Structure formats: structure tokens, C-alpha cells
Amino acid sequence: MGTVHARSLDPLPMHGPEFGIQADDIDTTVIEQEPKQEVLENKHVVVQRVHIDGLGRTNEEFLTYEIADVFRARNLIDVMRKSHEARQKLLRLGIFRKVEVVIDTSQGEDALPNGLDVTFEVTELRRMTGSYNTMVGNNEGSMVLGLKLPNVFGRAEKLTFQFSYGTKETSYGLSFFKPQPGHFERNVSINVYKVTGQFPWSSLRETDRGVSAEFSFPVWKTSQTLKWEGVWRELGCLARTASFAVREESGHSLKSSLSHAMVIDTRNSSILPKKGGLLKIHQELAGYTGGDASFLKEDFEIQLNRSLFWDSVLSASLWGGLLLPIGDKPTSIADRFYLGGPTSIRGFSMYSMGPQSEGDYLGGEAYWAGGLHLYTPLPFRPGRGGFGDLFRTHFFLNAGNLCNLNYGEGPQAHLKKLAECIRWSYGLGIVLRLGNIARLELNYCIPMGVQSGDRICDGVQFGAGIRFL
């Protein structure tokens, strides 16, 4: 009796850039050849039975969608490949700590000469898991405590409570996640949360209490998300010196909005890619489902990356957005766009350009920003093949503008205003990639096109985050 063990020791993360077969994931252990096994490798085979051993609270019928392709295999190599793909799908559900695959010849009275049995030996996660970690946002850090209840009802549902305490933001929330059987990318999530943030560039403090419902699904090569969100917002002054314009915005408001997001991401890495592109388009419509905030908000992000000679990478990015008020009520300071800082237009202080009043930045209703970057290895390649590969030399050119528009003037006047008084900067520095979590930048910046009221950071500037222009 010939037995084949196809095992991978490292479980996959819940979300990853690629869930297909990887050459390193297949066990290449040499197995002693037996006459019957040689026949199976060169002859048509039939998968007669698939077993899942080790199930406790998981619904077995729910898992049949993930392992159905194994029955379509027609030779031993195909059985190994499809079994491995099924293993990856099972791990992706986030309900198993370990999944191993055993392929054996069929036994029993109804066993065919070329029949196979495939067994998945699984170990379920505990009913409750806790986590503690740190998270890097756009130029801020936070401590995150989490409590998860995986596989709540036996169909890969997940209930999560998370508390985050950061340098500028504190939040806690409860979320429920449920995937569609057989289509993990199609899922529904419901969230209840409270977030308190401080925005010193605007002398503003904001507290949001909200609930949201999301439906995510793939279409062709895109990832789509439909979302409804209802938020009770409380705005207040962060300092006694806050401008009258900020004090005027203080108070309570209710926003109810519908939004849609589309993402196409072919990059090999989201933090420091060497090839591929990214397209993000987001629309938000507020006011038609209740609340006292009424607007239409559109924004997009484009990024292209290309590998060059000597392991260098050329990257180009373009961001843009437009906020249209609906009705006579002006837009809120909490809904407008902000620009500037080490993660966008380098050489300027964090979100410290564009419309302002008495030193407080009020945001803008339209913006664009573009960047051109050249990443190269460190000179003389110290630490090559190890720690040194996490560092890159960085040359950049950034430009952009942020302003308010008079919507009675027409598109040509809008474009002309966005093209006036362009802020731009250039410089060089060093980038450190922190795995697939975040990246750090230390740049020497030379800001240009500085307008009255802008705050600049001429010289050395440090940045940390996950989203950079």
C-alpha cells in the first residue's frame, strides 16, 4: 500500500497577495517507489473519498465547497496539486491552526484498482484567541489589543473586539464577519465602533460613534466593496487658541452615507513594490439615507512600478479627489481633503497646506498630488542577501495642490485653479521596509512652490506609514 504525505508546515495568513501553488510549498521528499505507485503516476486515477478528520464545531457541509475540486483530479500529480490548493483554501478560512493532507490508495469492498482516498487532518483554533501588537498608521503609531472568536457558528464566521490606543487616535469596536460558502472573497461584515482623534494641524478634536455594514465581492480582476455607514460625529476645539472658523464647525452632526470602492492591485508588494500597478476608485454619497451631511465625494489613486537595471525600481503615483456639496449647506471640515507631510507632499508639515484660518488648516474640496520615485539598493550593497535588503535609497519628486472651488464657474475654471500655485518638492533619503506591515522613510527634502500660510519642513523629515504618495 503506497501512502503520499503532502504537508506544508507554515500556515497561510488570513489574507495574502497570492493563494496559488508555490514551488516551495510542495514537499519534495523522495518516496520509495512501489509498483502500484508507479502505475498511479502514469495512469488515470479516481478520487473515491475525501475525509476531514479533527472537526469539532465546524460544519462539515460548509467545507465541501473548499475541497470539491479534489474530486476532479485525474492523475496522482493532479491530486497532489488540487489537494494542496484545497489545503490553502481551508487555512484561508482562518478557523484552523493546522491542516495536513494524506493521500492513500482506496480500501474497502468498493475500492477501485486506481482509486484514491484523500484525508485532511485539521486542528481547529481555540474558541477564543487574544492578541497584542503595535500598528503603524500614517505617521502615527498605536497599541492594539484584540479578542477574537473564530468560527462562531461553525461556518467561518468571526466575531472580533479590538481596542487601539495611539498617539493621535483612540478607538474600540466590535465587528462580525461572515464569508459566502465556497467564495471566501464574497463576504459581509458589520461593525460598531467609537473613534476619538486629535488633529493638531486644525486644532480639532473629533469623536465618531458609528455603525457600518459592508459587502465585498470580486468582479473579474477587481475587488468591489459596497458600504453603508451611519456616524454620529462630535467636533470640538483641541486648544483655546482655535480659530473662529474651527469653533464654528464645532458641535454634533449625523452622517449617513452609501459608498462604493473598486480596487485593482497587481503589485508584488503593497509596502515597497518592484513591479505591478494599483488602481483605487472610491465614491461616497451622503444625505439620501438620512443625516444632516449631504455631499458627493470622489477620489482615486493610481500607482505604477517598473523594475530597471541594477535592481532599481521606478515608481509613479497620482492621487486626486473632489467633494461636491449637495444643497445650500457647506461641507464639513471632517469631510474635506488634506494634503502635505512625509506620506504625501514631502517637505511640508503634516496636512499643513491649502485653505487655513489663523493658522488652523481647514482642508479643501479638491486636490491632486503626483509623485515620481527612484528606489535603488544601498551603495556598495552592505548586508546583501539579508538585513541590508530591507533598505533602499530613495530619490523623489512630488507635486500637488489643494483648494476650494466655486462650482458655478465650470470645469475649465476648476482645472485652472488646481493648476495654479502648485506646491512641489524634491529630495533623497533612505527607506526601510518593515515586512508587509509598514515602511519608514528618512528623507532630506527641499520644498518649492511654497504659498503663504503653508508650513514647511525644510531639511530632514521622518515618515512612517502604509500609504505613501
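Student: What makes the crossing in which α2 passes α3 right-handed?

Tutor: Handedness comes from the turn of the near helix relative to the far one: clockwise is right-handed, anticlockwise by less than a right angle is left-handed. α2 passes α3 in a right-handed crossing, so the turn here is clockwise. This is a predicted model, where local features need pLDDT of at least 70, side-chain atom pairs need 80 or more, and totals for chains, interfaces and linings use all residues. Residues are numbered from 1 along each chain as its sequence is written, and side-chain values use heavy atoms, leaving out hydrogens and water.

Student: Why is α2 called oblique to α3?

Tutor: Helix α2 (residues 60-67) and helix α3 (residues 76-92) pack at about 135°, with axes 9 Å apart. Under 35 degrees would be roughly parallel, over 145 roughly antiparallel, 65 to 115 roughly perpendicular, and the rest is oblique. That makes α2 oblique to α3.

Student: How do you know that tryptophan 424 and tyrosine 426 are stacked?

Tutor: Ring centres must lie within 6.5 Å to pair; planes under 30 degrees apart are stacked, over 60 edge-to-face, the rest tilted. Tryptophan 424 and tyrosine 426 are 6.0 Å centre to centre with 25° between the planes, so they pair and count as stacked.

Student: Why is tryptophan 424 called partly exposed?

Tutor: Its relative accessible area is 33%. Buried means under 20%, exposed over 50%, and partly exposed in between (1.4 Å probe, protein chains only), so tryptophan 424 is partly exposed. Tyrosine 426, at 36%, is partly exposed too.

Conventions. Axes fitted to C-alpha atoms, helices over the stretch in contact; angles between N-to-C directions. Helix = DSSP H or I, 4+ residues; strand = E, 2+ residues; numbered from the N terminus.
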